[in-house]
Amino acid sequence: MDRIVVRGGTRLAGEVTVSGSKNSALALMCAALLAEGETRLRNVPRLRDIEAMLDLLRALGARAEWAGDHEMCIDGSSISNPEAPYELVRKMRASFMVLGPLLARFGSARVSEPGGCAIGVRPIDQHLKGLRALGAKVRLDHGVVEATTSGLCGGRVVFDLNTVNGTQNVMMASVLASGETVLENAAREPEVVELADVLSRMGADVRGAGGDRITIRGVSALRGIEHQVSGDRIEAGTLLCAGLATRGDVTVTGIDTSSLESTLDKLQEAGATLTTEPSRVRAEVGGGRLCEVQAVTAPFPGFPTDMQAQLMALVCTAEGSSVITERVFENRFMHVPELQRMGADISLAGRAAHVRGVPRLGGAPVMATDLRASAGLIVAALAAEGDTTVNRVYHIDRGYERIEEKLRGLGAEIRREG
Ligand code: EPU
């Protein structure tokens, strides 16, 4: 099994371009099923999660293939089997987002329940509530969600909590429904806005995305389009943390920096000096010292849960005591024992992690437990003295394309071992 070995202590410097957004691309691949004809996505990252979604779309009977290095074609017209099996859905929860499009386009779908995952229970009740509000008959049968309709109708959905994929799933179901759908307490993440933009360009009538109330007027059909996927805001934040952890000077490009505001705020609070332009940001440590932060994860525009582990890794060597509170997922501190193995001084009290800065971390063998936890461990490893071996790197390959090459380009001593 692959592992990544990092020799820490090298100051990172230079410029790096982020890949396309994993989470946007996953939703857009599902949206492509709604169109009559082919959808072409560009700037799609080469990741394990993207391959898993391709496998699923093919299993449904769609034509879904790479058409270039980062370009992909999807045509759902040939779908013959609107059924997403457990083996594919269990690998990646985002697979559940095929439910809305399949139901809208084919009137029925069977999608396995995704189940829990490493970062928490992660129910799907809000997805199902939304689909029922559009008139779908939804039942759970031995771990399989079976949804049918003789034609979805617009409805009003008030989400009980902010759910990104839930908002996206129900939005995709509603674009072909008759009449008007209103989604209240909708998620405001940039990936929701990008999906709404793409659906609109396909011919849908979606308004208000980016706010907490989205209104959709159903249309009779959508057409395939071409789209360039936005840069990955979490990869951008991760690379900035990596640079700062080494007291370096890193510029990331290929990203809409307005989607990074809450992350940049926290980096500034931690002592970073930032130079921000619309599609690039440079971060260096003013005076060579990092300081404590107080951060609470929250839905967009709050500080993203997907950046929590990386920020924690960064402040492990900051002066003072930081408090990082996880409010989105209930079990997203699995990197803590691994950071402690590297010498971090962290104590957990419920949903809060108290991090007392230490002068330096030391390399150690550590275990990646989920995607963002592994990113945090790499950030810590780059700052640590000596060698760190990060095991189970397949987690990293789910969401970071060629991470070691990108970091090497910034001067890191990092290699993959088979
Ligand atoms: N939730 C429910 N019921 C639902 C749906 C969600 O209780 O029906 C709860 C979840 O258990 C969680 C909270 O609501 O506590 C928020 O979950 P959300 O539904 O927003 O998460 P998601 O849509 O499944 C996406 C990203 C995650 C990211 C979260 C939060 C994708 C493919 N995944 O997941 O990304 O952490 O939003 O921003 O878009 C990652 O990339 O590493 C990752 C985990």
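**Close-up views of the predicted model**

**View 1. The loop that holds Pro-301.** Pro-301 sits in the loop that runs between strand S20 (294–296) and helix H10 (308–315). The structure shown is a predicted model. The peptide bond from Phe-300 to Pro-301 is cis. Its omega is near 10°. By residue number, this loop belongs to domain 1 (3–19 + 231–417). Phe-300 returns in View 3, at the boundary between the domains.

**View 2. Two domains in one chain.** The domain assignment divides the chain into domain 1 (3–19 + 231–417) and domain 2 (22–222). Domain 1 is made of two segments, while domain 2 is given as one. Their C-alpha centres are 30 Å apart.

**View 3. The area buried between the domains.** Domain 1 and domain 2 bury about 1,800 Å² between them. Carbon and sulfur atoms give 52% of that area. On the side of domain 1, Phe-300, Arg-398 and Glu-401 supply 34% of what this domain buries against domain 2. No other three residues supply more. In terms of contacts, 24 residues of domain 1 meet 21 residues of domain 2.

**View 4. Salt bridges and polar contacts across the interface.** Two salt bridges are counted between domain 1 and domain 2. Asp-49 and Arg-398 form a side-chain salt bridge, with N to O at 2.7 Å. Asp-49 falls in domain 2 and Arg-398 in domain 1. Eight residue pairs are in polar contact across the interface. On the side of domain 1, helix H12 (371–383) and helix H13 (394–399) are the elements that give two or more residues. H13 gives the most, with four residues. This side of domain 1 has eight nonpolar, six polar and 10 charged residues.

**View 5. Surroundings of the ligand.** The ligand is surrounded by 21 residues. The closest are Asp-125, Thr-163, Asn-165, Asp-306 and Val-328. By number, Asp-125, Thr-163 and Asn-165 fall in domain 2, and Asp-306 and Val-328 in domain 1.

**View 6. Polar atoms around the ligand.** An N or O atom in the side chain of Thr-163 is 2.7 Å from an oxygen atom of the ligand. Gln-126 uses its backbone: a polar backbone atom is 2.7 Å from a ligand oxygen. Asn-165 also places a polar backbone atom 2.7 Å from an oxygen atom of the ligand.

**View 7. The loop that holds His-142.** His-142 is placed in the loop between strand S9 (137–141) and strand S10 (144–148). Its phi is near 50°. That is a positive value in a residue other than glycine. By number, His-142 belongs to domain 2 (22–222).

Definitions and conventions:
Residues are numbered from 1 along each chain as its sequence is written. This is a predicted model: local features need pLDDT of at least 70, side-chain atom pairs count only at pLDDT 80 or more; totals for chains, interfaces and linings use all residues. Side-chain values use heavy atoms; hydrogens and water are left out. Domain bounds come from an automatic or database domain assignment. Contact means heavy atoms within 4.5 Å. Buried area is the accessible area (1.4 Å probe) that two parts lose on being put together, summed over both. A salt bridge is a side-chain nitrogen of Lys or Arg within 4 Å of a carboxyl oxygen of Asp or Glu. A polar contact is a pair of N or O atoms within 3.5 Å; within protein, one must be able to donate a hydrogen and the other to accept it, and residues adjacent in sequence count only if both atoms are side-chain atoms. Ala, Val, Leu, Ile, Met, Phe, Trp, Tyr, Cys and Pro count as nonpolar, Asp, Glu, Lys and Arg as charged, and the others, Gly among them, as polar. A residue is near a molecule or strand if one of its heavy atoms lies within 4 Å of it.
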